[in-house]
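User: I'm new to this one and would like a close look at a single helix and the strands around it. Could you walk me through that part and then place it in the wider picture?

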Amino acid sequence: MKSKHIPGIHQQNQTDLPVLHSFKRRYRSPSEIGFSEWLAGLPAWVPFLVLLAAAAWPMTALAQGSNYTTGQAFEALLRWIPFLVGSGFFLTIVISFLTMLVGTVLGVFLGLGQISQNRFIAKFCWLVTQTFRNSPWLVLLFIVMLSFPFEITIGDTIIPIPDWIKAVIGLALPIMANISEIVRGAINSVPTAQWEASESLAFTRFQTLFQIILPQCIKRMIPPWMNWYAILTMATPIVSILGVEEVLNLTRQAIEAEDNHPELLVPFYSFVLVIFFIYCYPIARLTVRLERRFAVKL
Amino acid sequence: MSNTPTWTPDQPIISLKDVRKSFGDLEVLKGVSLDVMKGEVICIIGPSGSGKSTLIRCVNALNDIQAGSITVEGQEVHDPDLDKLELRKKVGMVFQQYNLFPHKTALENVMMAPLKVLKQGKADVEERAMKLLAKVRLQGKENSYPGELSGGQQQRVAIARSLAMNPDVMLFDEVTAALDPETVKEVLLTIKELAAEGMTCILVTHEMGFAREVADHIYFTDRGVIVEHGPPDTFFDAAQDPRTKEFLSQIL
């Protein structure tokens with residue numbers, strides 16, 4: 001009996017006969033692809049359907065009894081698009097890039113620290129990882145936003161720290177922790193026999209790690225790493241709450257500048273949805289494809 | 001090393017004295033002593049769980065020991081000040097599961113340690129690696145990845161990889177136990193040639209016929225002690241201990 005595949009949901013095939021299933025772990029580790037699989041499973045036309053639905057949205061106009069039409073709302077949107085994309089979404093991408101960069105660099109060190117032979121370092125890195133992995137992102141953002149100075153004075157020069165830099169730091173913390181787990185998990189996925197084999201060939205621990213172990217598992221880290229990039233990009237709008245002028249914040253400001261007509265809401269926010277989709281969808285598809293390819297290869 | 005021991009080839013190259021090793025409460029080696037002279041081939045046989053593999057893994061310090069002493073060329077292996085890397089350059093080891101590096105070709109597997117550990121020149125190492133692969137009859141497989149080779153071929157690459165370090169002693173830990181019967185022969189042939197060239201070898205094996213043919217001395221271990229040992233003919237034909245007799249009657 002064939003069951004319909006639901007993206008992101010793994011179903012056993014159904015049968016009436018008693019079957020002994022192979023043991024399967026219920027728990028999905030962070031290195032497994034969840035989000036990207038779901039996103040990549042969506043048909044590409046889904047968000048455009050939303051945009052179409054937005055176009056055919058006369059109800060609010062009728063209810064308000066105003067003269068503002070949907071057509072006018074879309075005209076306003078067209079006027080704002082260059083600004084929303086060039087200024088707002090551009091900053092979103094800059095934030096996501098920088099966050100990923102900072103989070104990855106720190107996360108790699110933290111992950112390597114977790115497998116350190118020094119028990120204190122290992123325990124410390126484990127604790128940092130667990131703390132930031134299990135903290136709400138918004139809380140971390142608030143802490144960084146409010147506890148970091150808005151400018152640093154070195155001698156006579158005052159260096160301002162813009163909001164979005166603080167947002168990068170705040171978002172990089174949970175990313176760092178999750179990358180740390182990806183690194184640790186990937187290293188542990190290499191059989192210990194590989195360590196023994198290279199040890200008995202007189203490789204040092206450092207050489208073994210960087211020349212034998214990591215080259216074997218680096219491919220395995222790429223799909224979950226990209227998965228986290230997609231999750232992060234989708235999550236960046238939360239920094240708008242703290243006043244960072246990324247795409248969502250600017251959209252709200254644009255609507256206000258257009259006199260807050262309720263007819264504007266659906267077209268404008270649908271547009272934001274669509275640009276996020278256009279950006280993240282190919283990443284998700286690529287992630288799932290790489291995941292499949294690497295799963296077979298090694 | 002502060003007091004470099006003077007070792008001369010007429011002394012045992014490897015010497016174990018009353019070695020004890022436990023994992024937690026479980027004592028695996030309960031006082032094992034044996035000597036290996038340079039150029040000698042010894043085989044360790046015995047039932048599963050008798051501590052054979054643990055024994056040879058202690059020789060290159062993959063496992064530590066709780067009491068006793070193990071010396072390689074006169075140097076104490078379990079001296080905390082010992083440079084383990086120096087020891088492992090002298091002692092090669094081949095594993096049951098080959099443990100080749102899956103992301104490297106056969107040739108790269110053989111070349112890696114001399115290049116990275118011994119820091120030898122690439123041209124030199126490559127020439128030697130090609131010769132070693134030819135020696136284990138794997139010409140033409142230099143650029144194959146381990147996943148593309150059969151078990152027996154992988155195991156021979158593993159042997160070549162160990163030999164590339166120019167070790168004085170080779171340890172073989174049940175190297176044919178994971179192989180298909182038809183590929184066992186080619187691996188045993190390689191080891192036999194190696195032994196004939198005068199390489200000092202310690203083999204843990206279940207291949208009794210091979211042990212009899214190639215070994216200078218057989219050790220039989222059971223429950224963490226050496227029950228009986230002797231030259232192959234005496235050992236197989238005139239075993240004294242009842243445990244040895246029982247084991248041999250089951251396996252032969």
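Analyst: Here is a walk around helix α6 of chain B, then the strands beside the helix, and then the rest.

First, some ground rules. This is a predicted model, in which local features need pLDDT of at least 70 and side-chain atom pairs count only at pLDDT 80 or more, while totals for chains, interfaces and linings use all residues. Residues are numbered from 1 along each chain as its sequence is written, and chains are lettered from A and ligands numbered from 1 in the order in which they are written.

Now the helix. Helices (H or I, at least four residues) and strands (E, at least two) are DSSP runs, numbered from the N terminus. Helix α6(B) covers residues 181-196, which is 16 residues, and at 1.5 Å a residue they should span 22 Å. The expected span is 1.5 Å times one less than the number of residues. In the model the end C-alpha atoms of α6(B) are 23 Å apart, which agrees.

Which residues of α6(B) are buried? They are B:V187, B:L188, B:T190, B:I191, B:L194 and B:A195. They cover an arc of only 155 degrees around the axis, which puts them on the same side of α6(B). That arc is taken from the directions from the helix axis to the C-beta atoms. "Buried" here means that 20 or more other C-beta atoms lie within 10 Å of a residue's own; with 12 or fewer it is exposed, and in between it is partly exposed, with C-beta atoms placed from the backbone. On the other side of α6(B), you'll find B:E182 and B:A196 exposed.

What do the buried residues of α6(B) pack against? In chain B, they pack against β3 (41-45), α5 (151-163), β7 (169-173), β8 (200-204) and α7 (208-214). Contact, here and below, means that the C-beta atoms of two residues, placed from the backbone, lie within 7 Å. Just after the helix, B:G198 takes a positive phi of about 100 degrees.

Next stop, β8(B). This strand is mostly covered, with 5 of its 5 residues buried. In a regular strand the side chains alternate between the two faces of the sheet. In β8(B) both faces are covered: B:T200, B:I202 and B:V204 are buried on one side, and B:C201 and B:L203 on the other.

β8(B) also has strand partners, where pairing takes at least two DSSP bridges between two strands. β3(B) pairs with β8(B) in the parallel sense over 4 bridges, and B:I44 has B:V204 as its bridge partner in β8(B). β7(B) and β8(B) run parallel too, joined by 5 bridges, and here B:D173 stands opposite B:V204.

Elsewhere in chain B there is an open sheet of 4 strands, in the order β2-β1-β4-β5, with antiparallel pairing. Its edges are β2 (26-36) and β5 (75-76), each with a single partner strand, so one side of each is left without a neighbour in the sheet. Strand β1 (residues 14-23) runs antiparallel to β2(B), and 8 bridges join them; one of the pairs is B:K21 with B:L29 in β2(B).

One more spot in chain B is B:G230, which sits in strand β10 (residues 225-230). B:G230 is partly exposed, with 17 other C-beta atoms within 10 Å. Leaving out residues up to four places away in sequence, B:G230 touches B:I218 and B:F235. B:G230 and B:Y219 are 11 residues apart in sequence, and their C-alpha atoms are 6.8 Å apart in space.

Finally, the partner chain. Chain A has 11 helices and 2 strands, and 32% of its 298 residues count as buried. 16 residues of chain B are in contact with 16 residues of chain A. On the chain B side, α2 (84-90) and α3 (106-116) each supply at least two residues, and α2(B) gives the most, with 3 residues. That side divides into 9 nonpolar, 4 polar and 3 charged residues; Ala, Val, Leu, Ile, Met, Phe, Trp, Tyr, Cys and Pro count as nonpolar, Asp, Glu, Lys and Arg as charged, and the others, Gly among them, as polar.

How sure is the predictor about chain A? pLDDT is its confidence in each residue, from 0 to 100. Chain A averages 83, and 83% of the residues score at least 70. Among its elements, helix α3 (residues 59-64) has the lowest mean pLDDT (53) and helix α5 (residues 119-133) the highest (95).

Note on methods: pLDDT is the predictor's confidence in each residue, from 0 to 100.
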